[in-house]
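Please explain how this chain is built, moving from its overall make-up to a few particular residues and the partners that they meet.

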Amino acid sequence: MVKSRWALLQQPSTRHAVQDRFISAAATTGTLLRRGFSGTKDKVVVGKSKVEEVAKITAQKSKTILTDIERWQKGVASTDLFGVPIEVTAQRQDCSKPIPQILVKCGDYLIVSGLNSPNLFKSEGDKKVIHQLVSLYNQDSTASVPEGTNPVDVAALVKYYLASLPEPLTTLELYNEIRSARSSIYSMRNILKRLSSVNYMTLEFITALLLRVSQKSLLNKMDARSLAMEMAPVIMWQKERRPEFYHQYWNQVSKSLSNKTVDPPPGSYTAWDMLADDGEATDASSPIPLDDGTPVDFGAIEVVQLLTEHHNAIFTDANETVWK
């Protein structure tokens, strides 16, 4: 039987058929191996691409985190509103007017429900409430003032925001010229035209708000002179004479952050530095003191008083603020 099978294999036709089968099997095996190697190679390439993509995203996130840390060390994080140059805030907004929306929201709120409140812009307000408001606007610069907020707190928030700006609304460059023009409506009008659009329109908005507040002085006890004394230090200051007296109310964040083992560098102030420590024995409704050892700038006070009392005459060419 074995011999017969061997004899069968020795036949030419059978031998060729077997060889063809071996060759076919070998070819199939080679194809499968090549496909396997090719698939593995493709998977490696895809995997490599995904790893590179993840690495790129991670690097970008790390860069963003580092940028935020660097900006925080300088006193402001990338999403903050307080402490950011007013031009940057205006560029972030998608509004017809380049006025920071926090001021617009606060102004509208005071016009509707706060003009009769005593000591507007004089009382420092409730520090815890202002802390919450600063947090709200640092997260959402277009947020509305929460319903029921004390107008005194809203007015104080306006002051804290203006004081947090790296440069005053009147700018450092024009300080002397604006101060010298405080007795002339005509001169003041011409000098203010040299301000940037965002500074000019924001100054117009703030002084329009002060005018409206002063018109209710019989009820709120704040006439143009009183308002000017409170607002001048945060609207107009000289180089190296920022309203530093506010910093005694601005240490809330740096202390809370230090509890998280993060210490701000010496000499820097965060947006949260604008709030007093909860443990300090300070009357939440007491006036913000001006007697901090810094000479009172009566010239700046007279400028703000002029801008308030003669607002409509000075800002004649502006798209003046009009409340319903």
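**A walk through the chain**

Glu124 is buried, because its relative accessible area is 0%, and this residue makes a useful starting point in a model that is predicted. The side chain of Glu124 meets that of Lys127 in a salt bridge, with a distance of 3.9 Å from N to O. Lys127 is buried as well, since its relative accessible area is 9%, a value that falls under the 20% below which a residue counts as buried. Side chains of opposite charge can pair when their charged atoms come close.

With that pair in mind, we can step back to the chain as a whole. There are 14 helices and zero strands, so that a reader who follows the sequence from one end to the other meets the pattern α-α-α-α-α-α-α-α-α-α-α-α-α-α. The chain has 324 residues, and 42% of them count as buried. If we consider the contacts between residues at least 6 apart in sequence, 77% of these join residues that are at least 24 apart.

One place where two helices meet is the packing of helix α11, which covers residues 224-235, against helix α13, which covers residues 298-309; their axes lie 8 Å apart and form an angle of about 120 degrees. The two helices are therefore oblique to each other, and the crossing in which α11 passes α13 is right-handed. On the side of α11, the residues that take part are Ala224, Arg225, Ala228, Met229, Met231, Ala232 and Ile235, while α13 contributes Phe298, Ala300, Ile301, Glu302, Val304, Gln305, Thr308 and Glu309. Sorted by character, the residues of this contact comprise ten that are nonpolar, two that are polar and three that are charged.

Glu302, one of the α13 residues in that contact, also forms a salt bridge with Arg182, and the closest N and O atoms of this pair are 2.5 Å apart. Because Glu302 lies in helix α13 and Arg182 in the loop between α7 and α8 (185-192), the pair ties together parts that are 120 residues apart in sequence. Glu302 counts as partly exposed, with a relative accessibility of 33%, and Arg182 also counts as partly exposed, at 28%.

A further salt bridge joins the side chains of Asp297 and Arg179, with 3.2 Å from N to O. This pair, too, links distant parts of the chain, for Asp297 belongs to the loop between α12 (252-258) and α13, whereas Arg179 sits in helix α7 (residues 175-180), 118 residues apart. Arg179 is partly exposed, with a relative accessible area of 28%. In total, the structure holds five salt bridges, and the pairs described here are among them.

Finally, the backbone deserves a look. Most residues other than glycine have a negative phi, and most peptide bonds are trans. Asn119, however, has a positive phi, near 60 degrees, and this residue is found in the loop between α4 (101-113) and α5 (127-139). At 29% relative accessibility, Asn119 counts as partly exposed. Thr171 likewise has a positive phi, in this case near 70 degrees, and its place is the loop between α6 (151-164) and α7. Is Thr171 buried or exposed? With a relative accessibility of 14%, Thr171 counts as buried.

Technical notes:
Residues are numbered from 1 along each chain as its sequence is written. This is a predicted model: local features need pLDDT of at least 70, side-chain atom pairs count only at pLDDT 80 or more; totals for chains, interfaces and linings use all residues. Side-chain values use heavy atoms; hydrogens and water are left out. Axes are lines fitted to C-alpha atoms, for helices over the stretch in contact, and angles run from 0 to 180 degrees between N-to-C directions. Helices (H or I, at least four residues) and strands (E, at least two) are DSSP runs, numbered from the N terminus. Angles under 35 degrees count as roughly parallel, over 145 as roughly antiparallel, 65 to 115 as roughly perpendicular and the rest as oblique. A crossing is left-handed if the near helix is turned anticlockwise from the far one by less than a right angle, and right-handed if clockwise. Contact means heavy atoms within 4.5 Å. Ala, Val, Leu, Ile, Met, Phe, Trp, Tyr, Cys and Pro count as nonpolar, Asp, Glu, Lys and Arg as charged, and the others, Gly among them, as polar. A salt bridge is a side-chain nitrogen of Lys or Arg within 4 Å of a carboxyl oxygen of Asp or Glu. Buried means under 20% relative accessible area, exposed over 50%, partly exposed in between (1.4 Å probe, protein chains only).
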